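Visitor: Hi, I've got this one open on my screen and could use a quick tour. Mind if I just fire questions at you?

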Amino acid sequence: MRVLLIGSGGREHALAWKMTQSDRLEKLFVAPGNGGTQAIAENVALDVTDHTSVVDFALREQIDLVVVGPEVPLVAGISDDLRAAGLAVFGPSKVAAQLEGSKSFTKALCDEMGIPTAAYAKFDALEPALAYLDRQGAPIVIKADGLAAGKGVTVAETLEQAREAVRDCFSGTFGAAGAEVVIEECLVGDEASLFAICDGEHTILLPAAQDHKRAFDDDKGPNTGGMGAYAPAPVMTDALIERAYREIAAPAIKGMAARGTPFSGVLFTGLMITKDGPKLIEFNTRFGDPETQVLMMLLESDVLDILEATAHGTLANVSPRWKREVALTVVLAANGYPGAYEKNTVIANAAGLDSDTIQVFHAGTVRDGDRLLASGGRVLNVTAIGDDVGEARERAYAAVDAIDWPDGFCRRDIGWRAL
């Protein structure tokens with residue numbers, strides 16, 4: 001099988017790593033890839049915003065399956081253009097990707113399908129939004145309506161923080177993503193992530209995970225794209241997983257199908273486990289990052305079988321197997337992230353750490369000859385498996401400590417909820 005994987009993050013390195021274990025893989029291209037994928041696949045300097053170029057490349061290279069990793073090309077409709085050219089694609093259509101691309105789109109679907117979620121209001125102008133804040137008070141959640149790389153959400157503890165977040169959105173901090181703002185009640189409880197792979201009709205569930213969104217220990221600091229994760233998450237019992245799927249993910253999938261826009265790909269359901277049960281925080285329409293890193297460590301089955309069956313609508317024939325262990329990943333990020341940070345700093349001693357229990361997945365890296373350079377905010381994902389969260393965490397941090405990168409930082413409390 002000849003595969004084109006679109007993306008350049010830790011999620012894509014983890015998917016590529018798992019794909020290369022398949023006996024069915026003939027050739028793997030990653031566009032544009034990173035310093036990690038370069039070692040196991042062929043990185044391709046494609047402009048993924050130029051859909052015609054991507055389609056032409058896939059046809060020329062006789063690609064059997066295109067796997068779209070990030071949300072931005074999905075929301076831009078790259079899956080539609082690839083399918084129109086007769087190519088098999090893992091990833092939802094442009095309309096279905098609006099479940100992630102627009103908070104207000106998702107809220108409307110929740111209203112339609114009776115999906116439990118936070119009470120909300122939507123605004124396209126500053127003054128009405130500020131007036132609403134004055135009526136509601138704090139704590140309260142401010143969300144840029146569109147895509148903001150995981151940074152467009154503010155959990156405001158005070159009214160002034162809320163006002164500042166709303167002003168940031170309307171002042172252009174998040175570009176077009178902040179042209180509209182969704183203001184939500186602040187849900188209280190444990191967060192968890194549930195992943196459902198769907199071919200438009202059939203669905204399989206993946207192990208539930210817990211992410212760590214805040215930049216610093218003890219859940220302090222600004223929201224990020226994710227500073228670490230582990231799976232399976234103890235808070236998500238079998239009964240809770242079944243309930244969350246029945247009340248939240250399944251109605252969303254049913255609602256999209258009823259609209260004539262069936263969902264095909266992976267539906268990432270961000271949950272808050274409240275005293276009243278699970279409620280939806282948000283949907284994402286792609287594999288999570290860094291959750292994918294732990295899921296690929298736990299997957300025993302051939303990932304290509306799952307991805308291909310999803311693309312072809314034959315997911316009913318697939319039953320993935322999972323290790324009975326725990327996986328945990330720690331994100332190493334550039335100093336200053338999620339704000340401004342220095343690029344092209346040198347990372348040493350990151351090679352040679354991989355083993356049966358440890359994998360270092362690259363995110364924002366490039367290779368310059370023999371040197372490994374940091375090129376992004378989230379740079380490395382040090383991932384480990386163990387018999388329990390404690391063992392996986394101990395192995396991961398031992399590998400973190402072996403890496404020499406004075407220009408980076410990490411959280412030291414990944415997995416604290418389970419421990």
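Visitor: What volume does the second largest pocket have?

Guide: About 320 Å³. Keep in mind that this is a predicted model.

Visitor: Which residues lie nearest the centre of that pocket?

Guide: A350, A351, G352, H362 and R367. They belong to a lining of 21 residues.

Visitor: And which elements give two or more residues to the lining of the second largest pocket?

Guide: Helix 1, strand 20 (358–362) and strand 22 (371–374). Strand 20 has the largest share, with four residues.

Visitor: How does the lining of the second largest pocket split by class?

Guide: Eleven residues are nonpolar, six are polar and four are charged.

Visitor: Helix 1 came up there. How many of its residues are buried?

Guide: Ten of its ten, so helix 1 (residues 10–19) is mostly covered. Charged names turn up among the buried residues too, including R11, E12 and K18.

Visitor: OK, switching to closed spaces. How many cavities of 30 Å³ or more does a search of the whole structure find?

Guide: Two. The largest holds about 80 Å³ of space, and the second largest has a volume of about 50 Å³.

Visitor: Which residues are closest to the centre of the largest cavity?

Guide: K103, T106, I281, E282 and F283, out of 13 that line the largest cavity. Helix 5 (98–101), helix 6 and strand 17 each give two or more residues to that lining.

Visitor: What classes does the lining of the largest cavity have?

Guide: Five nonpolar, two polar and six charged residues.

Visitor: And by class, what does the lining of the second largest cavity have?

Guide: Ten nonpolar residues, with no polar and no charged ones. The residues there are I197, I204, L206, F287, M296, L299, V303, I306, P320 and W322.

Visitor: Let me pick F287 from that list. Where does it lie?

Guide: F287 is in the loop between strand 17 and helix 10 (291–298).

Visitor: Is F287 buried or exposed?

Guide: Buried: its relative accessibility is 4%, and the cut-off for buried is under 20%.

Visitor: What is F287 in contact with, leaving aside neighbours within four places in sequence?

Guide: R11, L15, F90, I197, L206, V266, F268, T292 and L307. R11 and L15 are also among the buried residues of helix 1, while I197 and L206 help line the second largest cavity along with F287.

Visitor: Back to strand 17 for a second. What does N284 touch, not counting residues up to four places away in sequence?

Guide: E100, V266, L267 and F268. N284 sits in strand 17 (residues 277–284) and is buried, with a relative accessible area of 6%.

Visitor: You mentioned helix 6 as well. At what angle do helix 6 and helix 9 pack?

Guide: About 100°, and the axes of helix 6 (residues 103–113) and helix 9 (residues 238–258) are 10 Å apart. That angle makes helix 6 roughly perpendicular to helix 9.

Visitor: Which residues meet there?

Guide: From helix 6 you have F105, L109 and M113, and they meet P251, A252, K254, G255 and M256 in helix 9. The contact residues divide into six nonpolar, one polar and one charged.

Visitor: Now the backbone. Which peptide bond has omega near 0°?

Guide: The one from A31 to P32, which is cis. P32 is found in strand 2 (residues 27–32). The bond from A138 to P139 is cis too, with omega near 5°, and P139 is in the loop between helix 7 (126–136) and strand 7 (140–144).

Visitor: What is phi of D218?

Guide: Near 60°, a positive value in a residue other than glycine. D218 is in the loop between strand 13 (214–216) and strand 14 (220–223). D218 counts as exposed, at 59% relative accessibility.

Visitor: And what about phi of N349?

Guide: Also positive, about 65°, although N349 is not a glycine. N349 is in the loop between strand 19 (345–347) and strand 20, and at 47% relative accessibility N349 counts as partly exposed.

Visitor: Great, that gives me plenty to click through.

Terms used:
Residues numbered from 1 in each chain as written. Predicted model: local features only at pLDDT ≥ 70, side-chain atom pairs only at ≥ 80, totals over all residues. Heavy atoms only, no water. Buried < 20%, exposed > 50% of the residue type's maximum accessible area, 1.4 Å probe, protein only. Contact = heavy atoms within 4.5 Å. Axes fitted to C-alpha atoms, helices over the stretch in contact; angles between N-to-C directions. Parallel < 35°, antiparallel > 145°, perpendicular 65-115°, else oblique. 1 Å grid on protein atoms, 1.4 Å probe; cavity = no way out; pocket = protein on both sides within 12 Å on 5 of 7 lines; lining within 4 Å. Points joined across faces, edges and corners; volume = space filled by probe spheres on them.
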